[in-house]
Amino acid sequence: MDNDRVYKMKFGKVYAALVQKAERKGRTRAEVDELIHWLLGYSCEDIKECLAGDVSMEEFFTSIPKLNDNVDKVTGVICGYRVEEIADPVMRNIRRLDKIVDELAKGKSMDKILRK
């Protein structure tokens, strides 16, 4: 896995792709924002600031306000990698976000995605 290439990507570009993935399946930007808040602790205002500030993925994921206590419950395979086996904590959190947005796009209820 080429972590450096992913780390240098702009968060805004990845965020747009995550929102697009959700919206293609009838979900909303607000739901994606809720997932980001649940997983990483970013508020809607924080997300807007990161989008306006041209923040990289590495900067976004190393400045996490508060990682959710249930983050270890996000498991499974995304992009061919088992999330819970990724050694690099930053990359593991990037893949966790991708995993829960994928679950959203596949029609899972928010309660199940948020591990309630």
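Let us begin with Cys 79, which sits in the loop between strand 1 (77-78) and strand 2 (81-82). The model we are viewing is a predicted one. In this model, Cys 79 has a positive phi of about 55°, although Cys 79 is not a glycine.

A positive phi also occurs at Arg 115, a residue other than glycine, where the value is near 55°. Please find Arg 115 in the segment after helix 7. Is Arg 115 buried or exposed? Its relative accessible area is 15%, and the limit for a buried residue is under 20%, so Arg 115 counts as buried.

Which residue forms a salt bridge with Arg 115? The partner is Glu 103, and the closest N and O atoms of the two are 2.7 Å apart. This pair links distant parts of the chain, for Glu 103 belongs to helix 6 while Arg 115 lies in the segment after helix 7 (110-113), 12 residues apart. Both partners, Glu 103 and Arg 115, are buried.

Glu 103 brings us to a neighbouring topic, Lys 99. Lys 99 is part of helix 6 (residues 89-105). With a relative accessible area of 13%, Lys 99 is buried. Yet Lys 99 has no salt bridge, and the nearest side chain of opposite charge, that of Glu 103, is 4.3 Å away. Why does that pair not count as a salt bridge? The rule asks for a side-chain nitrogen within 4 Å of a carboxyl oxygen, and therefore a separation of 4.3 Å does not qualify.

What, then, does Lys 99 touch? If we leave aside its neighbours within four places in sequence, Lys 99 is in contact with Val 74, Thr 75, Gly 76, Val 77, Ile 78 and Val 83. I would also point out Ile 113, which is 14 residues from Lys 99 along the chain; the C-alpha atoms of these two residues are separated by 9.5 Å.

I turn now to the salt bridges as a group. How many are there by this rule? The count comes to 12 salt bridges. One of them joins the side chains of Arg 27 and Glu 31, at 3.1 Å from N to O. Arg 27 is buried, with a relative accessible area of 16%, and Glu 31 also counts as buried, at 17% relative accessibility.

Another salt bridge is made by the side chains of Asp 111 and Lys 116, at 4.0 Å from N to O. Here Asp 111 is partly exposed, with a relative accessible area of 47%, whereas Lys 116 is exposed, with a relative accessible area of 73%. Elsewhere, Lys 21, Asp 98, Asp 102 and Lys 106 are joined into one network by salt bridges that share partners.

My last topic is the packing of two helices. Two packed helices are described by the angle between their axes and by the distance between those axes. For helix 2 (residues 11-24) and helix 4 (residues 44-52), the angle is about 125° and the axes are 8 Å apart. Helix 2 and helix 4 are therefore oblique to each other.

Which residues meet at this contact? From helix 2 come Phe 11, Gly 12 and Tyr 15, and they meet Ile 47, Cys 50 and Leu 51 of helix 4. Sorted by character, the residues of this contact comprise five nonpolar, one polar and no charged.

Note on methods
Residues are numbered from 1 along each chain as its sequence is written. This is a predicted model: local features need pLDDT of at least 70, side-chain atom pairs count only at pLDDT 80 or more; totals for chains, interfaces and linings use all residues. Side-chain values use heavy atoms; hydrogens and water are left out. Axes are lines fitted to C-alpha atoms, for helices over the stretch in contact, and angles run from 0 to 180 degrees between N-to-C directions. Helices (H or I, at least four residues) and strands (E, at least two) are DSSP runs, numbered from the N terminus. Angles under 35 degrees count as roughly parallel, over 145 as roughly antiparallel, 65 to 115 as roughly perpendicular and the rest as oblique. Contact means heavy atoms within 4.5 Å. Ala, Val, Leu, Ile, Met, Phe, Trp, Tyr, Cys and Pro count as nonpolar, Asp, Glu, Lys and Arg as charged, and the others, Gly among them, as polar. Buried means under 20% relative accessible area, exposed over 50%, partly exposed in between (1.4 Å probe, protein chains only). Lys and Arg count as positive and Asp and Glu as negative; His and the chain ends are not counted.
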